[in-house]
Every structure is written in structure tokens, then in C-alpha cells.
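Here is a quick tour of some aromatic contacts and a few other spots along the chain. Take a look at the model first.

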Amino acid sequence: MKSAKTIIEDIQRSPLYEKIRDLHDFYLLLSQTHQKIIAFIYQKDEILFIACKHNLGVQELKRDSNINNIKGLLKIFLSIKQTSSLRTISDIKFFVATKYMQNLAKKAQNLTKTNELPPYVEKSEGKFQNRIEDPQIHAIFEEIRELIIASR
């Protein structure tokens with residue numbers, strides 16, 4: 001029986017995965033700041049679509065200098081990997097992935113809800129002997145007993 005790691009490696013080596021691998025390799029060529037702005041990228045027909053996490057990311061990437069940088073990186077990538085599926089790209093489009101980001105936020109919210117600690121259930125029933133002779137400390141323990149009984 002194959003392990004999960006070998007199954008994933010087999011899938012990644014398959015020709016069907018080649019297009020996704022090319023996109024991922026190109027994504028890794030981008031600068032760290034651009035990678036933080038980008039939610040995901042994909043190719044449809046002859047257009048490379050870049051989905052950004054926020055409106056400001058779209059504004060940043062639509063600057064002429066950034067578009068030229070991305071096109072330059074694409075040319076370099078294609079000169080190194082000549083059999084890439086990205087060879088047919090003629091245009092780059094940017095958009096904000098609002099639904100994608102909303103779904104990520106919902107998933108993150110659900111994870112934080114499931115990671116919350118369960119409420120504490122008091123195991124004591126408040127039935128204990130209070131043999132303390134100091135009246136102040138004796139009163140404190142009696143208050144604790146009342147709180148325990150009230151919480152049940």
C-alpha cells in the first residue's frame with residue numbers, strides 16, 4: 001500500500017499536473033510582497049488572471065512598472081522552460097477575489113471557534129468541611145462553597 005506522500009508525488013509528476021506546476025513555479029518567481037498580495041493565479045485561454053486579496057493589491061499590481069516586471073519575469077520563465085503551458089499568454093488581467101477571501105475568513109472563524117476551550121465544569125459539589133479557625137479565611141471558604149453550589 002502506498003503512503004500519502006508517494007501518491008501526492010505521483011500526482012504531481014503526471015502530465016495533467018504540469019499546467020498547475022508551471023503556474024506555481026511562475027508564482028514563486030514573483031517578489032515576496034507580490035506573493036503576499038496575490039490570492040491565486042490561473043490561465044484561461046491566452047490570458048493570465050491574477051486574483052488579489054484586496055483592492056489595494058490590484059491597484060499596486062496595475063502600475064505600469066509592476067506589469068512590466070511581471071511580463072519580464074514571464075519572458076525569463078519561458079526562456080528557461082520552453083515547453084511551458086504559459087507560452088500562449090498574451091495578456092495579464094487583475095481582479096479582487098472577494099468571495100474567495102470571504103470563504104477563507106469564514107473557515108478561519110470556524111477554526112477559531114473549534115479551538116476554543118470548552119467551558120469548565122466544577123467537579124466539586126461544595127460538600128467539604130471548613131475547619132479553618134481564622135474567621136476571615138473561614139468566610140472566604142464559605143463564599144467559595146456558595147459559588148460552587150450556585151454554579152451547579
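Arg145 puts its charged end over the ring of Phe128, 4.3 Å from the ring centre. Keep in mind that this is a predicted model.

Now for rings meeting rings. A pair of aromatic rings is described by the distance of the centres and the angle of the planes. In this structure there are 7 aromatic pairs. One of them brings together Phe40 and Phe95, whose centres are 6.3 Å apart with 70° between the planes, so the pair is edge-to-face, since an angle over 60 degrees earns that label. Along the chain these two partners are distant: Phe40 sits in strand E1 (residues 38–44) and Phe95 in strand E3 (residues 91–96), 55 residues apart.

Phe95 also pairs with Tyr42. Here the ring centres are 6.4 Å apart and the planes stand at 70°, so this pair is edge-to-face as well. Tyr42 belongs to strand E1 and Phe95 to strand E3, so the contact ties together parts that are 53 residues apart in sequence.

Which residues do the ring pairs link into a cluster? They are Phe40, Tyr42, Phe49, Phe95 and Tyr100.

Are the rings of these two pairs buried or exposed? Neither label fits Phe40, because its relative accessibility is 27% and it counts as partly exposed. Phe95, at 27% relative accessibility, is partly exposed too. Tyr42 has a relative accessible area of 31%, so it also falls in the partly exposed class.

Away from those pairs, two other residues are worth a look. Leu16 lies in the loop between helix H1 (4–13) and helix H2 (18–29). With a relative accessibility of 80%, Leu16 counts as exposed, because the cut-off for that class is over 50%. Thr33, by contrast, is found in a helix, namely H3 (residues 32–37). Thr33 is exposed as well, with a relative accessible area of 53%.

Each of these two residues also comes with a C-alpha separation to a residue further along the chain:

| Residues | Apart along the chain | C-alpha separation |
|---|---|---|
| Leu16 and Phe49 | 33 residues | 20 Å |
| Thr33 and Gly57 | 24 residues | 9.8 Å |

Phe49 in the table is one of the residues in the ring cluster. Its C-alpha atom and that of the loop residue Leu16 are separated by 20 Å.

Key:
Residues numbered from 1 in each chain as written. Predicted model: local features only at pLDDT ≥ 70, side-chain atom pairs only at ≥ 80, totals over all residues. Heavy atoms only, no water. Phe/Tyr/Trp six-rings, centres within 6.5 Å; stacked < 30°, edge-to-face > 60°. Helix = DSSP H or I, 4+ residues; strand = E, 2+ residues; numbered from the N terminus. Buried < 20%, exposed > 50% of the residue type's maximum accessible area, 1.4 Å probe, protein only. Lys NZ or Arg CZ within 6 Å of the ring centre and 35° of its normal.
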